[in-house]
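Consider how one sheet and the helix beside it are put together in the model shown here.

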Amino acid sequence: MAKDYYTCEEIAELMGIKASTVRAYCKNGKIPSLKIGRSYHVSAKDFEEWCQDKKQVPADAEINKYIKKLRESEIKYKSLIDQSLDGILMTDFKSSLILVNPSFCKMLGYSEKELLGSNFTQYFHPEERAQEVEDHMRRIAGEIDNKPKTARLLKKDGKTVFAEILESPAREAGKVIGVQKIIRDITGRKRLEQELETILDLVPDALMITDFTGKIYRVNKSVEEFSGYTKEELLNMNSVINMYHYPEERLKAIETLKKKGAFHNFEFTANIKGTLMPGEMSAKVVEIGGEKYIESLVRDITERKQLQDELQKTKDTLEQAFNAVNFGISYMDANLRVIFTNDWLKENIPAIAVGEVCHIPFNEKKEICPWCPSVKCLESGELEKARAEIDLPNGKALKFDLRAYPVKDVNGKITHITETIIDRSEKERPGWDIFHMEP
């Protein structure tokens, strides 16, 4: 806005008349004025000329008093513009700068004299000049956009300034005469965003920020690998819902988020361009700018599922082999809680049951056998042997040879025990020595 301009309210207060009266004069052209947004502004020069019409104002002696107060108001208004931390400028029809404040001069490194009269478009990055020309033409046509845009401006030394620009048409006597702009330097914020983007792209899991309708607002590089779409394609999608093969899984995830605000390791079936893929997701509700969004981390678990299938097949094969031998095999954790028993053990000593701590068979108190090789194995960390007799309820005695083998993790800590139990009377039968279990 050029200097020497005053609002209708300021003039009305000084003259002791209604602001609506002043606005009406501006609207019908009785007072030459500049319309900025929805407000009219009158220059001191135009006001003085208008004041020569004695029908419009009080006695001549009062005019100088009005003008003096208006000039005092101008000084205060100009001070606000000059002290603004944001850049403030105005361009004419041709996009030539007709007003710049000190903050904008400092932002680009030019003096006011160097900027005034130059074309504002020339300070944009070459890749964004065409867009600025288009935006300028839309503002000149009277189009208003209340949302700020971001652009790269070039400083006098050639460096780049990332700016956030809010612009609107400038009007005079109801006609558009140029464009007014408020410009904020967001270079620091932009650099932090770029650094954050770099960090997020290093995350191996696919990261997405969506709203509750599935509209995508942000993704990292891994999403491209997971989905097969580019970032641009994803951000232009109306919804990510079509990536769920089963709609009920999407509904379950949303309901959980609404109730609990987060969930972890939720398995679902993704539909990636017609190909089904097992996925695992962790998500939480986040608030950005007062609005609620969903932040999700998704990973492809195809390899893990394949490995689990292979491990299950291996487990099934081992169980078949263990069930084929003529002696007992049990697998226990470090607390001697039974995890697995083979068919021989289930048939001959059913008291040793999965889910319970291994104990003396047929003992209601469930005491640990005093000669238990597994207890000794936990203490020594080595293979331990034992020979024992177990009295059956029918009065007979079973004689056994037992061995306990430690199972250790990568740090050498015992995590499980494998125990074998051989009925001595079975030693002559084929298959008992499959593990070379000699006493």
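Helices, counted when they have at least four residues, and strands, counted when they have at least two, are DSSP runs numbered from the N terminus. The model is predicted. With that numbering, helix H14 is followed by Gly381, whose phi is positive, near 75 degrees.

The sheet beside this helix is open and has five strands, in the order E15-E14-E18-E17-E16, with antiparallel pairing. Its edges are strand E15, residues 338-341, and strand E16, residues 384-391, each of which pairs on one side only. On average, neighbouring strands of the sheet are turned by 25 degrees against each other, direction ignored.

Within the sheet, strand E17 (residues 397-408) and strand E18 (residues 414-423) run antiparallel and are joined by nine bridges. Phe400, for example, has Asp423 in E18 as its bridge partner.

Helix H14, residues 373-380, packs on this sheet and touches strand E14 (328-333) as well as E16, E17 and E18. The direction of H14 makes about 145 degrees with that of E18.

Which residues of H14 are buried? They are Pro373, Ser374 and Cys377, where buried means under 20% relative accessible area. Seen down the axis of H14, the buried residues fall within an arc of 100 degrees, so they line one face of the helix. An α-helix has 3.6 residues a turn, so residues three or four places apart point the same way. The buried residues of H14 pack against E14, E16, E17 and E18.

Terms used. Residues numbered from 1 in each chain as written. Predicted model: local features only at pLDDT ≥ 70, side-chain atom pairs only at ≥ 80, totals over all residues. Heavy atoms only, no water. Pairing = 2+ DSSP bridges. Axes fitted to C-alpha atoms, helices over the stretch in contact; angles between N-to-C directions. Contact = heavy atoms within 4.5 Å. Buried < 20%, exposed > 50% of the residue type's maximum accessible area, 1.4 Å probe, protein only. Arc of directions from axis to C-beta.
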